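Me: Hello! I have just opened this model and would like a close look at a single part of it. Could you walk me through that part step by step?

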Amino acid sequence: NVLADQHCKVYLAATGNEALALVDIIEFDLIFVDIVLPDINGILVSERIRQKYPDVPIVAMTGHFTVNIECLGPFKVLIKPFHIAEITNIKNQWFLI
């Protein structure tokens, strides 16, 4: 994992509900969420996180070019496939590392 290799703590959630449960018990500095999840839509997950934690940066990832990026609101979007260096660039933008 590129972020773990950079000494970042990384938590993984396989579903939107798992992600929402994690944000209730862990304080995150940056969140990556896929738009397509097996249980609930990643946009909805991002909106719920934003309601509770408005200052946490959220990066939405999608392989669906038909997604209307404007509907994602304040979220940064990574279109898959993306180069792994883009994750480091995003982290560095927020934390100036």
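Which residues of helix α2 (residues 16-25) are buried? Please also show me how that helix fits in with its surroundings.

Reply: Happy to! Please keep in mind from the start that this is a predicted model.

Let me first place the helix in the chain. There are four helices and three strands, and from the N terminus on they follow the order α-α-β-α-β-β-α. Of the 97 residues in the chain, 37% are buried. If you take the contacts between residues at least 6 apart in sequence, 51% of them join residues at least 24 apart.

Now to your helix. In α2, the buried residues are Gly16, Ala19, Leu20, Leu22 and Val23. They lie on the same side of α2, because the arc they cover around the axis is only 160°. A general point about helices helps here: an α-helix has 3.6 residues a turn, so residues three or four places apart point the same way.

What does that buried side meet? The buried residues of α2 pack against β1 (31-34) and α3 (42-52).

It is worth following the contact into α3, where Gly42, Ile43, Val45, Ser46, Ile49 and Arg50 are buried. These too sit on the same side of their helix, since they span an arc of only 160° around the axis of α3. The partners of the buried residues of α3 are α2, β1 and β2 (58-62), so you meet α2 again when you look from this direction.

Two details of α3 deserve a zoom. At its start, a side-chain oxygen of asparagine 41 comes to within 2.5 Å of the backbone nitrogen of isoleucine 43. Then find serine 46, which is part of helix α3. Serine 46 has 1% relative accessibility and therefore counts as buried, the cut-off being under 20%. A polar atom of the serine 46 side chain is 2.9 Å from the backbone oxygen of glycine 42.

Back at α2, there is also a pocket to look at. The largest pocket has a volume of about 840 Å³. It is lined by 30 residues, and the closest to its centre are Val10, Tyr11, Leu30, Ile31 and Phe32. Your helix takes part in this lining: α1 (2-5), α2, β1 and α4 (85-95) each supply at least two residues. The largest share, four residues, is from β1, a strand that the buried residues of α2 pack against. By kind, the lining has 23 nonpolar residues, two polar and five charged.

Before you leave this region, look at the loop between α1 and α2, where you will find histidine 7. Phi of histidine 7 is near 65°, which is a positive value in a residue other than glycine. With a relative accessible area of 77%, histidine 7 is exposed.

One last stop is the loop between β3 (76-79) and α4, which holds proline 81. The peptide bond that joins lysine 80 and proline 81 is cis, with omega about -5°. That loop leads you to α4, one of the elements that share the pocket lining with α2.

To picture your helix as a whole, turn the view until Gly16, Ala19, Leu20, Leu22 and Val23 face you, as these are the buried residues of α2. Then bring in β1 and α3, the elements they pack against.

Key
Residues are numbered from 1 along each chain as its sequence is written. This is a predicted model: local features need pLDDT of at least 70, side-chain atom pairs count only at pLDDT 80 or more; totals for chains, interfaces and linings use all residues. Side-chain values use heavy atoms; hydrogens and water are left out. Buried means under 20% relative accessible area, exposed over 50%, partly exposed in between (1.4 Å probe, protein chains only). The arc is that of the directions from the helix axis to the C-beta atoms. Contact means heavy atoms within 4.5 Å. On a 1 Å grid over the protein atoms alone, a cavity is a set of points where a 1.4 Å probe fits but cannot get out, and a pocket is an open set with protein on both sides within 12 Å along at least five of seven lines; lining residues have an atom within 4 Å of a point. Grid points are joined across faces, edges and corners, and a volume is the space filled by probe spheres set on the points. Ala, Val, Leu, Ile, Met, Phe, Trp, Tyr, Cys and Pro count as nonpolar, Asp, Glu, Lys and Arg as charged, and the others, Gly among them, as polar. A polar contact is a pair of N or O atoms within 3.5 Å; within protein, one must be able to donate a hydrogen and the other to accept it, and residues adjacent in sequence count only if both atoms are side-chain atoms.
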